Number of protein chains: 2
Amino acid sequence: MDFPTWMSAIQQRAESALDAVLPAPTFAPARLHDAMRYATLGGGKRVRPLLCHAAGAVFKADEKVLDTAGIAVELIHAYSLVHDDLPCMDDDVLRRGKPTCHVEFDEATALLVGDALQTLAFQTLSNHLPGISPARQLDMLHLLATASGSRGMAGGQAIDLAAVGQTLTVGELEFMHIHKTGALIRAAVLLGAHCGEATPEQLERLGHYANRAGLLFQVVDDILDAEASTATLGKTAGKDAAQNKPTYVNILGAAEAKRMAAELRQEAHDALAGFGDAAERLHQLTDFIVERSF
Amino acid sequence: MDFPTWMSAIQQRAESALDAVLPAPTFAPARLHDAMRYATLGGGKRVRPLLCHAAGAVFKADEKVLDTAGIAVELIHAYSLVHDDLPCMDDDVLRRGKPTCHVEFDEATALLVGDALQTLAFQTLSNHLPGISPARQLDMLHLLATASGSRGMAGGQAIDLAAVGQTLTVGELEFMHIHKTGALIRAAVLLGAHCGEATPEQLERLGHYANRAGLLFQVVDDILDAEASTATLGKTAGKDAAQNKPTYVNILGAAEAKRMAAELRQEAHDALAGFGDAAERLHQLTDFIVERSF
């Protein structure tokens, strides 16, 4: 299967799996369930489920189990976007080409949507996973929680808030992104590996890969934000600069940011060297992260 | 040990256990960790850890394990209070006799505090629990998630929002409270029982007890809110009436609400009948819920 076909298949699997775990709007409270579906379905690159499946493929993990692990991470990501867009945070009106959740519904509903999507992530990952021992599944839950909390993604948001209007060094910017986006990307890769029979040493190497890929993702995001149009991005372009947020482009300049992206891309590929052809999807995804135009 | 001594001992255990799982403010991001501690420590009745311990005592469950399960529920409760107090929700300025989190810090920080406290609940409950099989622990995580999400507590908040200014029947009000506060109280009781060797039949009877106790707790809350002063409550008194929220007191009148409380109290005691003296703490807590003045 070529990469675009594979990617599209995984994206469709993720969409179906999300649709299956999100309560139907016929269940009370209908408006909340409607808004949860609005914020989660019908959009998104599904980078985290893709990474989860690609890492699982290294160990020939069961695809159904990978679906569950992948959407658990995606639900955390979806919740963070809804809360991140709120007026007290980034105050954004456009996401994935549609009005943000609090614009389409209201602020209180969007707050609860984020809260309930986070809960749903842990509810989903605590469902029975065929072929996974309960002890390993507990490790997976712990991994996802650690990556999402105050010393992971939520902590990254707090560091991001504090950085608005500040002049950061590249090191400080990296510290922020390792938390804000890196932790969850790493969780997606490691959860995929946990769905197979990865050894601790293999997990460590994949963790290193994920660190490079996560940072790469962010550097490319900054480049795209600076260069692309709102229509192409499906979210407000140039908003980092407008909000006076530190980015790799405004700290390093566009040329240096692109050089850094090229270096991270190479390091990510190098980290996968020991896995041979089994890591094909991870290699392809790494290139896709760089070459994507959204 | 008499009841007040036992209660105070459990409250202190909960405080210590919360203190131990909350990251120190010396860890970055310091302001977020500071705010998480502010919102969680040094206050609160700790009703959910008390219920967890009381239910665990029926089965002579390990107290350290009960501490972990109890504070996992308390962390969910604490997150819900922080988000509930936000301007887009109840817009409250006083909680446990102190300025609410968004007043003391800021709105964005309070949003992240709630998010990270929720994550910490699942992180805590996915830690190794001595003497509990991983399969049982997964059940406990699933139980807590189900009770907290869109078809439990968060759903109850959404129903509550939609009910402002509406005329509800007693049945509709009960439906709201079963979600908003009942689900988590039930989770506290059942998690405590899961820490011991409760049979499915015993879990069912305790579930029934918890349903009555949860509703009792809410009816008493409505009576206190209508009658007590802000100083006694440590939160803004009379705010339900001021916000035009439906309560048992304004639907049924104070006298009928008190009669209902007496009935629920009796039903709660009755549900415990089969457990004999082992349920002593649950009986005492039930009475305490009614007789408390806060």
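How many residues does the contact take from chain A and from chain B? In this predicted model, 45 residues of chain A and 45 residues of chain B take part in the contact. On the side of chain A that touches chain B, two or more residues each are given by helix H2 (30-40), helix H6 (107-125), helix H7 (134-148) and helix H8 (153-163) of chain A. H6(A) supplies the largest share of that side, namely 12 residues. Divided by class, the side of chain A that touches chain B holds 25 nonpolar, 16 polar and four charged residues.

The arrangement of the two chains was examined by superposition. A turn of 180° with a shift of 0.0 Å along the axis lays chain A on chain B with an RMSD of 0.0 Å. This is the relation of a two-fold axis. The same surface serves both copies, since 100% of the contact residues of chain A recur in chain B. Among the residues of chain A, the closest approach to the rotation axis is that of A:Pro134, whose C-alpha lies at 2.6 Å.

Helix H6 of chain B also contains B:Gln123. This residue, B:Gln123, counts as buried because it has 26 C-beta neighbours inside 10 Å, the cut-off for burial being 20 or more. When neighbours within four places in sequence are left aside, the contacts of B:Gln123 are A:His142, A:Ala145, A:Thr146 and A:Gly149. Within chain B, B:Gln123 is separated from B:Leu141 by 18 residues in sequence and by 9.8 Å in space, C-alpha to C-alpha.

Helix packing within chain B was considered next. Helix H2 (residues 30-40) and helix H6 (residues 107-125) of chain B pack with their axes 9 Å apart and at an angle of about 75°. H2(B) and H6(B) are therefore roughly perpendicular to each other. From H2(B), the residues B:Arg31, B:Leu32, B:Ala35, B:Met36, B:Ala39 and B:Thr40 meet B:Thr109, B:Leu112, B:Val113, B:Ala116 and B:Leu117 of H6(B). The residues of this contact comprise eight nonpolar, two polar and one charged.

The largest nonpolar core has 190 residues. Those with the most contacts inside this core are A:Val113, A:Leu117, A:Leu144 and A:Leu191 of chain A, together with B:Val113, B:Leu144 and B:Leu191 of chain B. For A:Leu144, with neighbours within four places in sequence left aside, the contacts are A:Ala72, A:Val73, A:Ile76, A:Ala121, A:Leu125, A:Ala187 and A:Leu191.

Notes
Residues numbered from 1 in each chain as written. Chains lettered and ligands numbered in written order. Predicted model: local features only at pLDDT ≥ 70, side-chain atom pairs only at ≥ 80, totals over all residues. Least-squares fit on C-alpha atoms with pLDDT ≥ 70 in both. Contact = placed C-beta atoms within 7 Å. Axes fitted to C-alpha atoms, helices over the stretch in contact; angles between N-to-C directions. Helix = DSSP H or I, 4+ residues; strand = E, 2+ residues; numbered from the N terminus. Parallel < 35°, antiparallel > 145°, perpendicular 65-115°, else oblique. Nonpolar A, V, L, I, M, F, W, Y, C, P; charged D, E, K, R; others polar. Core = buried A, V, L, I, M, F, W, Y, C linked by C-beta atoms within 7 Å. Buried ≥ 20, exposed ≤ 12 C-beta atoms within 10 Å, placed from the backbone.
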